[in-house]
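This briefing covers selected strands, two loop residues and the nonpolar cores. Please keep the structure open while reading.

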Amino acid sequence: MNIRIKIPDKMINNQPYTIREYKIFRLHKDSATNQATVDENGKVTAVGNGTATITATSVSGSYTVTVSVTGKIPVEIQKLTIEAEKETLTKIGESTELKVKIEPENADLQKLIWKSDNEKVAITDENGKVTAVGNGTAEITVTTEDGKITASIMITVKVPDEPTINKTTGFRRLRARSVKQTKTSVTLQWNIIKDADGYFVYGNRCNTGTKSYKYRKLATITGGDISTWTQKDLKKGTYYKYVVKACRMVNGKKVVTDTSISVHAVTGGGKYGNAKAVSVTQIGNKKNVSKITLKMGKTAQIKAKEVKKDKKIARHRKLCYESSNTKVATVTPDGLIRATGKGTCTIWVYAQNGVYKALKITVK
């Protein structure tokens, strides 16, 4: 900038100022400061932020003029650095805040522009908040409004695959049965389910002709390798019912994967007893066998019975039948096998307390 000196409108020795007198005003050399410099022609140059006083004096020294000049030099951004709260997101919809470090710290602020190069993985808002959308990686970039300075960071979205759980009910995977009964206890046993993290046992007294009893949780068993449990302090000569459920940990929660059939067992000391086994006496035209081969479309009737342990059995249900693969063979509630496709499967015949006989069926 140039300083222009205005001569006061008055007389000196009864004579007006002249243009000649104006031109002989000079600027002090010591008017230069850390904020501004000035040359002999009144040109002021800012060299730092702040206020400087510029002084001009006539050659004769009779007159002095001062002016204050404020200098403000823009400080440009030299570098941007992104700091992430989290660089890996593990859930869809999870967010992380990105913060920008500006260098130098006293740089003039500019609007920052945020952008994601892969919005199928992560999106960002105008403030640098990044939200997970899908698995993968996305480069998040921040740029000054003038486009001169930029920085970027990689954000990874990795959502763990949830295990596929095909829930089953019945004999196909989890076979529970009562293997021991005393006057005051019932012991259950089941086959270990692969990948199970534990089991739940539900039960209550069996329904009577006048009263119904709902299942309630009796035990939570931690450990997939445990396959037996005993309920104690029961009433003698009384029927009890049970269901066993296998579970797995999924995202921190126990999820039931398999549920057994209901098991009905009576405690000792009464007039009724339990089955100790299931006997298959005939399959189709073959007696005392545990396997049979059928042609597609053919049928075969199973003849079976419970083998009592000691006392007669009070039935809560009759013998049941189940196929491991209905695409190979089906079986009716009365034990009629029908061959439906080539292959091999198992037909289970089980009593109310869960003891069973496994039959191998081959279809050609």
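Which backbone nitrogen lies 2.8 Å from a polar atom of the side chain of E94? The backbone nitrogen of T90 does. The model is predicted. The points below start at E94, follow the neighbouring strands and end with the cores.

**Loop residue E94**
- E94 sits in the loop that links β9 (88-89) to β10 (95-103).
- Is E94 buried or exposed? E94 counts as buried because its relative accessibility is 19%, and the cut-off for buried is under 20%.
- Beyond four places in sequence, E94 contacts K86, L89, V130, T131 and A132.
- Three of those contact residues reappear below: V130 and A132 point to one face of β13, and T131 points to the other.

**Strand β13 and its partners**
- Side chains alternate along β13. V130 and A132 share one face and are buried. K129 and T131 point to the other face and are not buried.
- In a regular strand, side chains alternate between the two faces of the sheet.
- β10 and β13 run antiparallel, joined by three bridges. In this pairing, E97 stands opposite K129.
- β12 (residues 122-124) also runs antiparallel to β13, again with three bridges. Here T124 has V130 as its bridge partner.
- How many residues lie between β12 and β13 in their hairpin? There are four. G128, in the turn, has a positive phi of about 85 degrees.

**Loop residue N135**
- N135 lies in the loop between β13 (129-132) and β14.
- N135 is classed as partly exposed because its relative accessible area is 47%, between the 20% and 50% cut-offs.
- Which backbone nitrogen does the side chain of N135 reach at 2.6 Å? That of V159.
- Leaving out residues up to four places away in sequence, N135 touches V121, V157, K158 and V159. V159 is thus named both as a touching residue and as the owner of that backbone nitrogen.
- N135 and K91 are 44 residues apart along the chain, and their C-alpha atoms are separated by 9.1 Å.

**The four-stranded sheet**
- What is the strand order in the open sheet? It is β9-β15-β14-β11, with mixed pairing.
- β9 and β11 (112-116) are the edge strands, each pairing on one side only.
- β11 and β14 (residues 136-144) run antiparallel and are joined by five bridges.
- W114 stands opposite V142 of β14.
- β9 therefore has two roles here: it is an edge strand, since it pairs on one side only, and it borders the loop that holds E94.

**Nonpolar cores**
- The largest nonpolar core has 24 residues. Those with the most contacts inside it are L188, W190, Y199, V201, W229, Y242 and V244.
- At least two residues of this core come from each of β18 (186-190), β19 (198-205), β20 (216-222), β22 (239-250), β24 (263-266) and β32 (343-350).
- Which strand supplies the largest share? β22 does, with four residues.
- W190 touches, among others, Y199, V201, W229 and V244, not counting residues up to four places away in sequence. Its other contacts include L174, R175, A176, I221 and I226.
- A second, separate core holds 23 residues, including V278, I283, I337 and V363.
- In soluble globular proteins, nonpolar side chains tend to be buried together.

Technical notes: Residues are numbered from 1 along each chain as its sequence is written. This is a predicted model: local features need pLDDT of at least 70, side-chain atom pairs count only at pLDDT 80 or more; totals for chains, interfaces and linings use all residues. Side-chain values use heavy atoms; hydrogens and water are left out. Buried means under 20% relative accessible area, exposed over 50%, partly exposed in between (1.4 Å probe, protein chains only). A polar contact is a pair of N or O atoms within 3.5 Å; within protein, one must be able to donate a hydrogen and the other to accept it, and residues adjacent in sequence count only if both atoms are side-chain atoms. Contact means heavy atoms within 4.5 Å. A nonpolar core is a set of buried Ala, Val, Leu, Ile, Met, Phe, Trp, Tyr and Cys residues joined through side-chain atoms within 4.5 Å.
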